[in-house]
Amino acid sequence: MKSPQGWKRPFDDPIPLPRGRQLVTLEDAANYVRKLPKAERISKERQAAVEALLLVVELNGPTMMARIGMLRALNRHIQR
């Protein structure tokens, strides 16, 4: 059986969201960002996450890179 390619590729581990939802595929992550208000979409962290998503899809790179980008964007308000 052929594994999913492009936007249908799943993350190694789903990305948890508030209210129990999850981002399972690269496409889920892209759709999530697309639906955010403009002020949220233009943050540096979100832009970096989108760039990582695009690179992973276009170059068939490791989904972990896109996962890290999304997690950083989702948690950008948390103090370290």
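The exercises below, each with a worked solution, concern a predicted model.

Local features were taken at pLDDT of at least 70 and side-chain atom pairs at pLDDT 80 or more, while totals for chains, interfaces and linings use all residues. Residues are numbered from 1 along each chain as its sequence is written, and side-chain values use heavy atoms, with hydrogens and water left out.

**Exercise 1. The nonpolar core**

Task: identify the residues that touch the most other members of the largest nonpolar core, and the elements that give two or more residues to this core.

Solution.

Step 1. Fix the terms. A nonpolar core is a set of buried Ala, Val, Leu, Ile, Met, Phe, Trp, Tyr and Cys residues joined through side-chain atoms within 4.5 Å. Buried means under 20% relative accessible area, exposed over 50%, and partly exposed in between, with a 1.4 Å probe and protein chains only.

Step 2. Find the central members. The largest core has 17 residues, and those that touch the most other members are Phe11, Leu23, Leu26, Leu53 and Met70.

Step 3. Assign the elements. Two or more residues each come from strand E1 (10-16), helix H1 (26-34), helix H3 (44-59) and helix H4 (63-74). H1 gives the most, with 5 residues. Helices (H or I, at least four residues) and strands (E, at least two) are DSSP runs, numbered from the N terminus.

Step 4. Follow one member. Not counting residues up to four places away in sequence, Met70 touches Ile15, Leu23, Ala29, Tyr32, Val33, Ala49 and Leu53. Contact here means heavy atoms within 4.5 Å.

Step 5. Set this in context. In soluble globular proteins, nonpolar side chains tend to be buried together.

**Exercise 2. The buried side of H1**

Task: list the buried residues of H1 and state what they pack against.

Solution.

Step 1. Leu26, Ala29, Ala30, Tyr32 and Val33 are the buried residues of H1.

Step 2. These residues lie on the same side of H1, because they cover an arc of only 160° around the axis. The arc is that of the directions from the helix axis to the C-beta atoms.

Step 3. Recall the helix geometry. An α-helix has 3.6 residues a turn, so residues three or four places apart point the same way.

Step 4. The packing partners of the buried H1 residues are E1, strand E2 (22-25), helix H2 (38-41), H3 and H4.

**Exercise 3. Salt bridges**

Task: find the salt bridges and place their residues in the chain.

Solution.

Step 1. Apply the rule: a side-chain nitrogen of Lys or Arg within 4 Å of a carboxyl oxygen of Asp or Glu. The count comes to 2 salt bridges.

Step 2. Lys8 and Glu27 form a salt bridge with an N to O distance of 2.7 Å. Lys8 is in the segment before E1 and Glu27 in helix H1, so this pair links distant parts of the chain, 19 residues apart. Glu27 is partly exposed, at 28% relative accessibility.

Step 3. Arg76 and Glu45 form a salt bridge in which the closest N and O atoms are 3.9 Å apart. Because Arg76 lies in the segment after H4 and Glu45 in helix H3, the pair ties together parts that are 31 residues apart in sequence.

Step 4. Compare burial with the cut-offs. Arg76 counts as buried at 19% relative accessibility, and Glu45 is partly exposed at 32%.

Step 5. List the contacts of Arg76. Leaving aside neighbours within four places in sequence, Arg76 is in contact with Glu40, Ser43, Glu45 and Arg46.

**Exercise 4. Positive phi in two loops**

Task: locate Arg19 and Asn60, and state the phi of Arg19 and of Asn60.

Solution.

Step 1. Start from the general expectation. Most residues other than glycine have a negative phi.

Step 2. Arg19 is in the loop between E1 and E2 and has a positive phi of about 65°. Arg19 is exposed, at 77% relative accessibility.

Step 3. Asn60 is in the loop between H3 and H4 and has a positive phi of about 55°. Asn60 is partly exposed, at 46% relative accessibility.

**Exercise 5. Val57 in H3**

Task: state whether Val57 is buried or exposed, and name its contacts.

Solution.

Step 1. Val57 lies in helix H3 and counts as buried, at 19% relative accessibility.

Step 2. Leaving aside neighbours within four places in sequence, Val57 is in contact with Gly6, Trp7 and Leu26.

Step 3. The C-alpha atoms of Val57 and Ser43 are separated by 21 Å, with the two positions 14 residues apart along the chain counted as their spacing.
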